[in-house]
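New page in the notebook. I want to get my bearings in this one, starting with the whole chain and then going down to single residues.

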Amino acid sequence: MFFCALSGEPPQEPVVSVKSGKVYERRLILKYITENGTDPISGDKLEESDLVAIKASPETATPRPPNLTSIPALLNALQNEWDALVLECFALKQQNNSVRQELSYALYNQDAAQRVVARLIRERDAAREALGNVQATMGIAPSGTAAEDVDMNDDSGMLPAMPEDLVAQIDETHAALSSTRKKRKPPPEYVTAAEVKTFAAKHTIPSLHSASPAGITSLAVSSTNPSQFLTGGNDKIVQLYDRSTDKVLATLKGHSKKINHVAFRENDGDATLLLSGGADKIAKVWSHDSASGEYIPKATIRTHKSEITGLAVHPRSNILGLASADKTYSLHDLSTVAQLFHSAPSDDVFSAFEIHPDGTLLGLGTPTSKIYIYDIRTGTAATTLEPPAGAAPFTLNTLSFSENGYHLLAPNSLSSVAIWDLRKRKITHTIDLGDSFRINKVVYDPSAQFLGVAGSQGGRVFAHKTWEELARFEEGGEVTDLVFASQGKEVWGATGREVRIWGPAA
């Protein structure tokens with residue numbers, strides 16, 4: 001390899017001087033000759049013609065320039081290496097995040113598949129249990145073993161009728177209650193309209209149920225112990241609370257979705273039962289365990305295929321009625337929790353449910369604004385109360401029979417209520433609550449003198465027959481449920497996570 005006598009680097013175009021015999025870079029020696037005209041080594045006169053090109057074979061490869069010959073060059077090289085390292089780390093992070101997302105997606109799919117399998121197993125077990133109940137009621141011996149899958153056929157047209165002895169009991173109850181209907185009068189100590197006008201907020205029980213998801217969906221007040229009340233919430237929990245001690249007596253867990261309805265079963269000579277129905281398609285019966293002193297599940301009713309939209313106790317106190325969004329209703333014996341009757345599917349979904357105070361009729365609301373009145377003894381529709389002609393359809397989610405049995409209170413639209421005369425099967429009066437009001441609950445008081453409405457703008461109480469607005473409760477905002485307490489002396493309402501009590505001003 002040659003080196004230029006001027007630069008000391010391997011020349012790209014080497015030439016040799018005939019005067020000194022030294023090798024030069026042609027570009028550099030020509031500049032020197034132009035300026036000096038001599039050989040830089042020997043000092044002899046030198047011309048371009050004295051330079052002889054050297055033909056190397058193979059030609060000398062272009063050497064790498066000496067970049068790392070100074071501190072700035074070294075720093076620049078280190079900076080380049082650091083930048084490359086940072087870029088590589090960034091690419092690795094992106095790949096890591098992508099792998100993690102793929103793993104999360106795979107785990108989510110696996111979890112979802114497991115949940116679907118678990119749900120199908122529960123539905124299969126519930127179907128087997130329902131089939132066993134139907135077979136036992138019809139006196140058919142079950143076929144196959146419990147471990148075998150059973151084909152479920154639609155036998156809705158062959159459902160058993162109400163047991164004759166139960167029909168006789170219902171008729172007996174009806175005769176006893178209807179005979180005294182006209183004689184029913186409120187006791188002297190019952191609240192008057194003038195007293196209702198003085199109702200104001202008396203007490204608030206805050207922070208009930210969980211904060212997420214928050215909200216009380218249903219409220220029931222004990223008739224035998226007026227300081228105790230039952231609530232169901234969006235948090236899937238049922239709570240029994242004692243107002244006199246300000247303590248939660250029981251927190252009942254067992255539902256997998258929000259609670260839609262709660263109720264007490266209280267009857268002389270029988271144990272008190274707590275009842276709940278939820279959006280998880282089941283109803284639960286809770287009884288008090290004397291050994292532990294706590295309420296424990298007595299039974300779980302899995303008759304229906306969709307959420308429970310109505311729950312009520314029959315006037316005999318030993319029959320539980322349930323309505324569901326699966327277009328059917330059912331009756332159950334609270335002593336044995338055996339199913340007594342399961343209706344054939346209706347044309348409409350049932351969105352509200354109430355039992356007539358005489359015990360022979362059922363009221364069922366629908367999302368088409370219709371109200372079906374069923375005969376509980378035959379399971380057939382006695383009549384249908386149609387909405388006014390031209391009215392926009394809406395979901396009728398609440399009903400209430402008056403205590404004397406003559407009237408039915410129900411929403412007439414999203415923001416108005418109608419009073420139906422069941423003897424004439426027509427609306428006798430309509431109360432408009434304002435376009436911005438949305439009805440959550442309607443209820444008659446036990447004397448049929450007053451009616452209450454709970455909704456998006458609070459609660460209101462009206463006088464029956466005169467339809468005068470007696471009280472308005474707006475302190476807690478939206479009221480989801482409303483209850484008249486014993487003797488009508490108080491009105492209880494559920495607002496958010498609170499239960500508010502209104503009564504005569506002190």
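**Overall shape.** I started with the radius of gyration: the chain has 44 Å, whereas a compact globule of 506 residues would come out near 23 Å. I should keep in mind that this is a predicted model. Next I looked up the box that the C-alpha atoms fill, and along the principal axes it is roughly 150 × 65 × 55 Å.

**Make-up.** I looked up the secondary structure and found four helices and 31 strands in the chain. Then I checked burial: 40% of the 506 residues count as buried. The chain exposes about 27,000 Å², and I noted that carbon and sulfur atoms supply 51% of that area. I also looked at contacts between residues at least 6 apart in sequence, and 44% of them join residues at least 24 apart.

**Start of the chain.** I went to β1 (residues 14-17) and asked myself which strands pair with β1. One is β2 (residues 23-25), joined to β1 by three bridges and running antiparallel. The other is β3 (residues 51-53), which also pairs with β1 in the antiparallel sense, over three bridges. For single pairs, I wrote down that Pro14 has Glu25 in β2 as its bridge partner, and that Val16 stands opposite Val52 in β3. β1 and β2 make a hairpin with five residues between them, and in the turn I found Gly21 with a positive phi of about 75°.

**The loop between β4 and β5.** Two things caught my eye here. Pro213 lies in this loop, which follows β4 (199-205), and the peptide bond from Ser212 to Pro213 is cis, with omega near -5°. His209 sits in the loop between β4 and β5 too. I noted a positive phi of about 65° for His209, although it is not a glycine. Is His209 buried or exposed? Its relative accessibility is 7%, so I put it down as buried, the cut-off being under 20%.

**A four-strand sheet.** After that loop I traced an open sheet of four strands in the order β5-β6-β7-β8, with antiparallel pairing. Why does one side of β5 and of β8 have no neighbour in the sheet? β5 (216-221) and β8 (247-253) stand at the edges with a single partner strand each, so one side of each is left free of a neighbour. I also looked up the twist, which averages 20° from one strand to the next. In the middle of that order, five bridges join β6 (residues 228-233) to β7 (residues 237-242), and the two run antiparallel. There I picked out Thr231, which stands opposite Gln239 in β7. A reminder to myself for reading sheets: in a regular strand the side chains alternate between the two faces of the sheet.

**Another positive phi.** Further along I stopped at Gln487, in the loop between β29 (481-484) and β30 (491-495). Its phi is near 60°, a positive value in a residue other than glycine. With a relative accessible area of 27%, Gln487 is partly exposed.

**Cysteines.** Last, how many disulfides does the structure hold? I found zero. I still looked up two cysteines: Cys4 counts as buried at 3% relative accessibility, whereas Cys89 counts as partly exposed at 39%.

Notes: Residues numbered from 1 in each chain as written. Predicted model: local features only at pLDDT ≥ 70, side-chain atom pairs only at ≥ 80, totals over all residues. Heavy atoms only, no water. Pairing = 2+ DSSP bridges. Axes fitted to C-alpha atoms, helices over the stretch in contact; angles between N-to-C directions. Rg over C-alpha atoms; globule rule 2.2 N^0.38 Å. Buried < 20%, exposed > 50% of the residue type's maximum accessible area, 1.4 Å probe, protein only. Contact = heavy atoms within 4.5 Å. Areas by Shrake-Rupley, 256 points an atom, 1.4 Å probe, with all protein chains shown as cover. Disulfide = S-S within 2.5 Å.
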